[in-house]
Amino acid sequence: MSPPPSWAAACGRPRPLTPLAMALARAASSAAATAAVKKLIVKHVTVIGGGLMGAGIAQVAAATGHTVVLVDQTDEILKNSRKGIEDSLKRMTKKMFTDKPEAAAQFIEKTLKNLTVSTDPVAVVHSTDLVVEAIVENLQVKNDLFKRLDKFAPENTIFASNTSSLQITDIANSTTRQDRFGGLHFFNPVPLMKLVEVVKTPMTSQKTFESLMEFTKALGKNPISCKDTPGFVVNRLLVPYLMEAVRLYERGDASKEDIDVAMKLGAGYPMGPFELLDYVGLDTSKYIIDGWHSLEPNNPLFAPSPLLDKLVEERKMGKKTGEGFYKYK
């Protein structure tokens, strides 16, 4: 005699799922997975470093409705940072509100209202959603900063570095929140440049990564995802190109002026490689290539340049010092 249909279930053997039940199970599983990586909505931002990059990041965050605290070592630095932000906003609003001076004034006032400054990073991280670091490109200095902040920031606070040359993993390892640590590499000038490289290390959680992507979009930027490799995407392509231009000049194959003209008229680049090197700063380019060379000493793309080394040694850093590959008044 055959057992009744319910017999199998009564004996502990599960009955086959119907197509509808299987679909519902998949939906529930998908919902659970989505909940597990639910993004952190960033509202409060702490930017460490009141230089050109840090001030730019603070400006775009404040302009898009975020509550921002800009941190640096002295009140004098922060005073200059705030003035630079205000001047930048005035230039931008002239284009944004061409015939509406009142609207421009309101936009500036609202943005500056979202921005405060502090010389004490520990005191301001206790209520922040995101810390973005934009200080000197020195691993030890960055590690010391994040190690200290890690002790005082809430557990859910995400840490991010704006480094352009150091590995995010090496910085994240100074903290106990490697899963809540990523890279946010902005480009100069921050208010104008749309790209942000969002760097995900092997330890960065999906929740953190998605939160950083959404934050970047909220700033009105275009984020791209990349792994924690030397130079990420842009600099990994750009710096070897710049160094090859220097080697071309060192060999006497062409003048620096002709190389610049060639790349502007032949490749459509807005600046030639030597103009760009002077704009970025020869010391910055040297620091990057030296760091990569130490990681991969046999990679010819990362070979140091004797001419670049000589100019930096002579304190000819580019536009900021009045002379680099070219002279500036």
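Helices in this tour are DSSP runs of H or I with at least four residues, strands are DSSP runs of E with at least two, and both are numbered from the N terminus. The model is predicted.

**Stop 1: the whole chain**

Show the cartoon. The chain holds 14 helices and 8 strands. Colour by burial: of the 329 residues, 42% are buried. Now turn to the contact map. Among contacts with a separation of 6 or more, 66% join residues 24 or more positions apart.

**Stop 2: the annotated binding site**

Select Gly49, Gly50, Gly51, Leu52, Met53, Gly54, Asp72, Glu137, Lys142, Ser164, Asn188 and Lys320. UniProt, in an unreviewed entry, gives these positions the feature "binding site". Which of this set belong to the lining of the largest pocket? They are Gly51, Leu52, Met53, Gly54, Glu137, Lys142, Ser164, Asn188 and Lys320.

Centre on Gly51. Gly51 sits in the loop that runs from β1 (44-48) to α3 (52-63). Its relative accessible area is 38%, so Gly51 counts as partly exposed.

Move to Asn188, in the loop between β6 (181-186) and β7 (195-200). Asn188 is also on the annotated list. With a relative accessible area of 30%, Asn188 is partly exposed. Show its contacts, leaving out neighbours within four places in sequence: Leu52, Met53, Met193 and Tyr279. Leu52 and Met53 are themselves annotated positions.

**Stop 3: Asn162**

Keep Met53 on screen and add Asn162. Asn162 is in the loop between β5 (158-161) and α8 (168-172). Is Asn162 buried or exposed? Its relative accessible area is 7%, so Asn162 is buried. Not counting residues up to four places away in sequence, Asn162 touches Met53, Ile57, Glu133, Ala134, Leu184, His185 and Phe186.

**Stop 4: helix α11**

Select residues 256-266, which form α11. Show Lys256, Ile259 and Asp260 as sticks: these are the buried residues of the helix. Look down the axis. The buried residues fall within an arc of 100°, so they line one face of α11. The face turned away from that buried side carries the exposed residues Asp258, Leu265 and Gly266. What covers the buried residues? The cover includes α10 (234-250) and α12 (273-280).

Step off the end of the helix. Gly268, just after α11, has a positive phi of about 80°. Go on to Pro270, in the loop between α11 and α12. Pro270 is exposed, because its relative accessible area is 77%. Draw a distance from Pro270 back to Asp260. The two are 10 residues apart in sequence, and their C-alpha atoms are 9.8 Å apart in space.

**Stop 5: aromatic pairs**

A pair of aromatic rings is described by the distance of the centres and the angle of the planes. How many aromatic pairs are there? The count comes to 8.

Take Phe274 and Phe325. Their ring centres are 4.8 Å apart and their planes meet at 75°, so this pair is edge-to-face. The pair links distant parts of the chain: Phe274 is in helix α12, and Phe325 is in the segment after α14 (306-313), 51 residues apart. Both residues are buried.

Switch to Trp292 and Phe302. This pair is tilted, with 5.1 Å between the centres and 55° between the planes. Trp292 is in helix α13 (residues 282-295), while Phe302 is in the loop between α13 and α14. Both Trp292 and Phe302 are buried.

Stay on α13 and pick His293. His293 is partly exposed, with a relative accessible area of 25%. Leaving aside residues up to four places away in sequence, His293 touches Phe302, Ala303 and Pro304. From His293 to Ala303 is 10 residues in sequence and 6.1 Å in space, C-alpha to C-alpha.

**Stop 6: a ring cluster and two charges**

Select Phe146, Phe159 and Phe181. Ring pairs link these residues into a cluster. Add Arg177, which lies over the face of Phe159 at 4.4 Å from the ring centre.

Finish with Lys200 and Phe209. Lys200 lies over the face of the Phe209 ring, 5.3 Å from the ring centre.

Technical notes
Residues numbered from 1 in each chain as written. Predicted model: local features only at pLDDT ≥ 70, side-chain atom pairs only at ≥ 80, totals over all residues. Heavy atoms only, no water. UniProt positions renumbered as here; feature names shortened; annotations may be inferred. 1 Å grid on protein atoms, 1.4 Å probe; cavity = no way out; pocket = protein on both sides within 12 Å on 5 of 7 lines; lining within 4 Å. Buried < 20%, exposed > 50% of the residue type's maximum accessible area, 1.4 Å probe, protein only. Contact = heavy atoms within 4.5 Å. Arc of directions from axis to C-beta. Phe/Tyr/Trp six-rings, centres within 6.5 Å; stacked < 30°, edge-to-face > 60°. Lys NZ or Arg CZ within 6 Å of the ring centre and 35° of its normal.
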